[in-house]
Amino acid sequence: SNPLHRQVHQDMEQPLCHYYIASSHNTYLSGDQLLSQSRADMYARVLQAGCRCVEVDCWDGPDGEPVVHHGYTLTSKIPFRDVAETINKYAFIKNEFEVILSIENHCSIQQQKKIAQYLKEIFGDKLDLSSVSTGDPRQLPSPQDLKGKILVKV
């Protein structure tokens, strides 16, 4: 065997768009897309398995509290706050690189404001609020620059 193959070097200084990112679809589901349970601990599981982009489907919930579930199905609903707290707890245990929240937003303005409040409150300094112009992908920050950060994609 080639001894050079034992020396893995990963250049993490390139713009983010130069990398494949391990992503999860319907992260919150413990089973099928129609009837299964939505569970916050599914986020803990996939983040510890190396996933760096998780999906959060947000809908208006009761008492002004946004919920996460698969819309127009019989999947159970979980509070958005619980999902954010779980992500915050497990995001960087096994991997220090950025976590991207892929938010599918179906919420009213009032509950969107609640989501923004929870993001700031729960993630604090980990939340990357820098605005990136998408005009030139070469200007995107690198994974090295984004270590320990939570990015929001809506």
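A pocket, as meant here, is an open set of grid points with protein on both sides within 12 Å along at least five of seven lines. With that in hand, let's take a walk through this predicted model.

**The second largest pocket**

The second largest pocket has a volume of about 220 Å³. Its lining is made up of 13 residues, and those nearest the centre are Met-12, Tyr-19, Tyr-20, Arg-52 and Phe-97. Sorted by class, this lining holds eight nonpolar residues, three polar ones and two charged ones.

**The nonpolar cores**

The largest nonpolar core has 27 residues, and the members that touch the most others are Val-56, Phe-80, Ile-87, Leu-101 and Phe-123. Two or more residues each come from α1 (41-48), β1 (53-59), α2 (80-90), β4 (99-106) and α3 (109-123). Of these, α3 is the biggest giver, with five residues. There is also a second, separate core of five residues, among them Cys-53, Ile-100, Leu-146 and Leu-151.

Phe-123 is a good residue to click on in your viewer. Leaving aside residues up to four places away in sequence, Phe-123 touches Ala-84, Ile-87, Asn-88, Leu-101, Tyr-118 and Ile-150.

**Four residues to look up**

Here are some individual positions, with where they sit and how accessible they are.

| Residue | Place | Relative accessibility |
|---|---|---|
| Asn-26 | segment before α1 | 7%, buried |
| Thr-27 | segment before α1 | 3%, buried |
| Asp-63 | loop between β1 and β2 (67-68) | 77%, exposed |
| Ala-91 | loop between α2 and β4 | 1%, buried |

Ala-91 counts as buried because its relative accessibility is 1%, and the cut-off for buried is under 20%. Beyond residues up to four places away in sequence, Ala-91 touches Leu-47, Arg-52, Val-99 and Ile-150. Ala-91 and Gln-111 are 20 residues apart in sequence, and their C-alpha atoms are 24 Å apart in space.

Thr-27, with its 3% relative accessibility, is buried as well. Not counting residues up to four places away in sequence, its contacts are Met-42, Tyr-43, Val-46, Val-54 and Glu-55.

Backbone angles are worth a look too. Asn-26 is not a glycine, yet it has a positive phi of about 50 degrees. Asp-63, also not a glycine, has a positive phi of about 55 degrees. Asn-26 is buried, whereas Asp-63 is exposed because its relative accessible area is 77%, and exposed means over 50%.

Methods. Residues numbered from 1 in each chain as written. Predicted model: local features only at pLDDT ≥ 70, side-chain atom pairs only at ≥ 80, totals over all residues. Heavy atoms only, no water. Core = buried A, V, L, I, M, F, W, Y, C linked by side-chain atoms within 4.5 Å. Buried < 20%, exposed > 50% of the residue type's maximum accessible area, 1.4 Å probe, protein only. Helix = DSSP H or I, 4+ residues; strand = E, 2+ residues; numbered from the N terminus. Contact = heavy atoms within 4.5 Å. 1 Å grid on protein atoms, 1.4 Å probe; cavity = no way out; pocket = protein on both sides within 12 Å on 5 of 7 lines; lining within 4 Å. Points joined across faces, edges and corners; volume = space filled by probe spheres on them. Nonpolar A, V, L, I, M, F, W, Y, C, P; charged D, E, K, R; others polar.
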